[in-house]
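Got your viewer open and your selection box ready? Let's take a short walk through this model, one pick at a time.

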Amino acid sequence: MVALGRKFVVVADATALAFAAADRVMARIADNPGRIAICLTGGSSPRRLYELLGQEPYQGRIPWDRVHWFIGDDRFVKPGNPLHNMSMARGIFLDRCAPAANIHPIDTEAHSPYEAARLYEEELQRFYGALEFDPPQPLFDLVLLGVGPDGHIASLFPSYPAVEVTDQWVVGVSEAHVEPFVPRVSLTLPTLGSCREMLFEVGGADKRAIMSRVLEGTDLPANRARSYQGETVWLCDRDAMPEDHRG
Ligand code: 6PG
């Protein structure tokens, strides 16, 4: 099923992309006076955003005690490994700014990716306070995502069985479809979709080919991912967009 109701926002360049993403993060935080849950993403796209969140004026405006930080997928390598997604976010801003108890990594030192998935599912369910999603009460305020060259999101790769999983919150993925070829652990589509906003960040000319397929509505994980009860926003820079979609 191709997601409906998405909004595409095109900005000038990589810098504008990071600032626009940071402003959306701040708007989601401002919207919730209680406990806030943000699901971060790996890859290179969010680096500049993470730098901004750890700097003024953003850092001083984030109520760090109330914000919990999760990760949509991780590579099954030890923390500290340059491929480890949560370590990237921790190194750029989380370890300096957020209370340790509010940082929720996937345990990539578990026995296997499947075991790590089970443990993270339990952690998400404990945080949420239920074993089933209640649509009016989404798990996350905001889910950040990037898109891979093959149309994967998080570690849900095209035509892999993990894309179809609806009875698990988190899955182990034994082999990646693109580099780096290490096992992964990924939230499933229903878990990522349980959010007030799903925000894609897509920048650079090397994303143009996959953006054409996304815009054509090809059946890809990226086209299935959406917020079930909120907004789905694709924030893209001009270079990432095919020429006829740059307006
Ligand atoms: C991962 C990611 C993955 C990423 C996309 C885009 O662990 O690899 O979470 O889904 O977001 O591949 O990656 P880039 O931002 O590096 O293009």
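Start with a working definition: a disulfide here is a pair of cysteine sulfur atoms within 2.5 Å. Keep in mind that you're looking at a predicted model. How many disulfides does a search of the whole structure find? The count is 0.

**Stop one: the cysteines**

Select Cys 97 and Cys 39 and put a distance label between the sulfurs. Cys 39 holds the cysteine sulfur closest to that of Cys 97, yet the gap is 19 Å, so it is too far for a bond. Now color by accessibility: Cys 97 is buried, at a relative accessible area of 11%.

Next, pick Cys 195, which is in no disulfide either. For Cys 195, the nearest cysteine sulfur is again in Cys 39, 8.7 Å away. Is Cys 195 buried or exposed? Buried, with a relative accessible area of 0%.

**Stop two: the ligand and its pocket**

Swing over to the ligand, which sits in the largest pocket. Select the shell around the ligand and you should get 16 residues. Ser 45, Asp 73, Asn 85, Ala 154 and Lys 207 are the closest of these. Color that shell by class and you'll find 9 polar, 4 charged and 3 nonpolar residues.

**Stop three: the polar contacts**

Show Lys 207 as sticks: one of its polar side-chain atoms is 2.5 Å from an oxygen atom of the ligand. Then add Arg 184, where a polar side-chain atom lies 3.4 Å from a ligand oxygen. For Gly 42, show the backbone, since you're after a polar backbone atom there, 3.4 Å from an oxygen atom of the ligand.

Finally, switch on a surface for the ligand. On its own, the ligand has 420 Å² of accessible area, and the protein covers 89% of that.

Note on methods. Residues are numbered from 1 along each chain as its sequence is written. This is a predicted model: local features need pLDDT of at least 70, side-chain atom pairs count only at pLDDT 80 or more; totals for chains, interfaces and linings use all residues. Side-chain values use heavy atoms; hydrogens and water are left out. A residue is near a molecule or strand if one of its heavy atoms lies within 4 Å of it. A polar contact is a pair of N or O atoms within 3.5 Å; within protein, one must be able to donate a hydrogen and the other to accept it, and residues adjacent in sequence count only if both atoms are side-chain atoms. Accessible areas come from the Shrake-Rupley method with a 1.4 Å probe; for residues, only the protein chains shown count as cover. On a 1 Å grid over the protein atoms alone, a cavity is a set of points where a 1.4 Å probe fits but cannot get out, and a pocket is an open set with protein on both sides within 12 Å along at least five of seven lines; lining residues have an atom within 4 Å of a point. A molecule sits in a cavity or pocket if more than half of its atoms lie within 2 Å of its grid points. Ala, Val, Leu, Ile, Met, Phe, Trp, Tyr, Cys and Pro count as nonpolar, Asp, Glu, Lys and Arg as charged, and the others, Gly among them, as polar. Buried means under 20% relative accessible area, exposed over 50%, partly exposed in between (1.4 Å probe, protein chains only).
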